[in-house]
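Visitor: I would like to walk through this model with you, one question at a time. Could we begin with the sheets and then move on to the side chains?

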Amino acid sequence: MTSFKASMKETDQGYIILKGSEAKKKLSNSCTETYRNLRRKLLETNILVEFDDKLIFAEDAVFNSPSAASNMVLGRNSNGFTEWISEKGKSFREVQEIINN
């Protein structure tokens with residue numbers, strides 16, 4: 001299984017994948033049309049650029065949910081609350097629970 005180095009931060013504007021983050025080049029068949037269109041738009045506007053066998057975010061990209069962000073990185077439908085893992089090994093959901101308690 002290939003892993004990708006990607007960073008996401010939550011802001012008032014939304015969930016931002018940071019410039020320099022990596023993404024899977026090929027979308028899986030399970031990826032919905034909405035996310036296929038979003039990926040196409042990111043490629044057409046050079047926010048996502050091809051680099052060797054993966055894609056790189058050439059600039060920060062804002063998404064409306066952590067799952068939309070993780071879908072773009074992983075190239076498949078995913079749950080951003082469990083897929084995004086902090087440097088300390090906690091899922092985004094776990095981090096949220098700590099912050100909100």
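Visitor: In what order do the three strands of the open sheet with strand 1 stand?

Guide: Happy to start there, and please keep in mind that this is a predicted model. The pairing in this sheet is antiparallel, and the twist averages 30° from one strand to the next. Strand 1 (8–10) and strand 6 (61–63) each have a single partner strand, so they stand at the edges. The order is therefore 1-2-6.

Visitor: Which residue in strand 6 stands opposite Y15?

Guide: Strand 2 covers residues 15–17 and runs antiparallel to strand 6. Three bridges join strand 2 to strand 6. The residue that stands opposite Y15 is F63.

Visitor: Which strands are at the edges of the open sheet with the order 3-5-4?

Guide: This sheet also has three strands, with antiparallel pairing, and its twist averages 40° from one strand to the next. Strand 3 pairs with strand 5 over three bridges, and K24 stands opposite K54 in strand 5. An edge strand pairs on one side only, and here these are strand 3 and strand 4 (48–51).

Visitor: At about what angle does helix 2 run to strand 3?

Guide: Helix 2 spans 66–74. Helix 2 lies across both strand 3 and strand 5. To strand 3, the angle is about 75°.

Visitor: Which element gives the most to the largest nonpolar core?

Guide: In soluble globular proteins, nonpolar side chains tend to be buried together. The largest such core here has 21 residues, and I17, L42, F57, F63 and W84 touch the most other members. Two or more residues come from each of strand 2, helix 1 (33–44), strand 5 (54–57), strand 6 and helix 2. With four residues, the element that gives the most is helix 2.

Visitor: Which residues of 66–74 does W84 touch, leaving aside its neighbours within four places in sequence?

Guide: The contacts of W84 include A6, S7, M8 and I17, and also K90, S91 and F92. The stretch 66–74 is helix 2. From that helix, the contacts of W84 are P66, A69, S70 and V73.

Visitor: What is the length of the polar contact between the side chains of S28 and S30?

Guide: S28 is found in the loop between strand 3 (22–24) and helix 1. Leaving aside its neighbours within four places in sequence, S28 is in contact with R36, G75 and R76. The polar contact with the side chain of S30 is 2.9 Å.

Visitor: How many residues apart in sequence are the parts that the pair of Y15 and F92 ties together?

Guide: Y15 is buried, with a relative accessible area of 14%, and F92 counts as buried at 11%. Their rings form an edge-to-face pair, 6.0 Å centre to centre with 85° between the planes. Y15 lies in strand 2 and F92 in helix 4 (residues 92–100), so the separation of the parts in sequence is 77 residues.

Visitor: And F81: is it buried, partly exposed or exposed?

Guide: F81 lies in helix 3 (residues 80–83) and pairs with F92 in helix 4. That pair is tilted, at 5.6 Å centre to centre and 35° between the planes, and ring pairs link Y15, F81 and F92 into a cluster. Buried would need under 20% relative accessible area and exposed over 50%. F81 has 29%, so the word for this residue is partly exposed.

Key
Residues numbered from 1 in each chain as written. Predicted model: local features only at pLDDT ≥ 70, side-chain atom pairs only at ≥ 80, totals over all residues. Heavy atoms only, no water. Pairing = 2+ DSSP bridges. Axes fitted to C-alpha atoms, helices over the stretch in contact; angles between N-to-C directions. Core = buried A, V, L, I, M, F, W, Y, C linked by side-chain atoms within 4.5 Å. Buried < 20%, exposed > 50% of the residue type's maximum accessible area, 1.4 Å probe, protein only. Contact = heavy atoms within 4.5 Å. Polar contact = N/O pair within 3.5 Å; in protein donor to acceptor, adjacent residues only side chain to side chain. Phe/Tyr/Trp six-rings, centres within 6.5 Å; stacked < 30°, edge-to-face > 60°.
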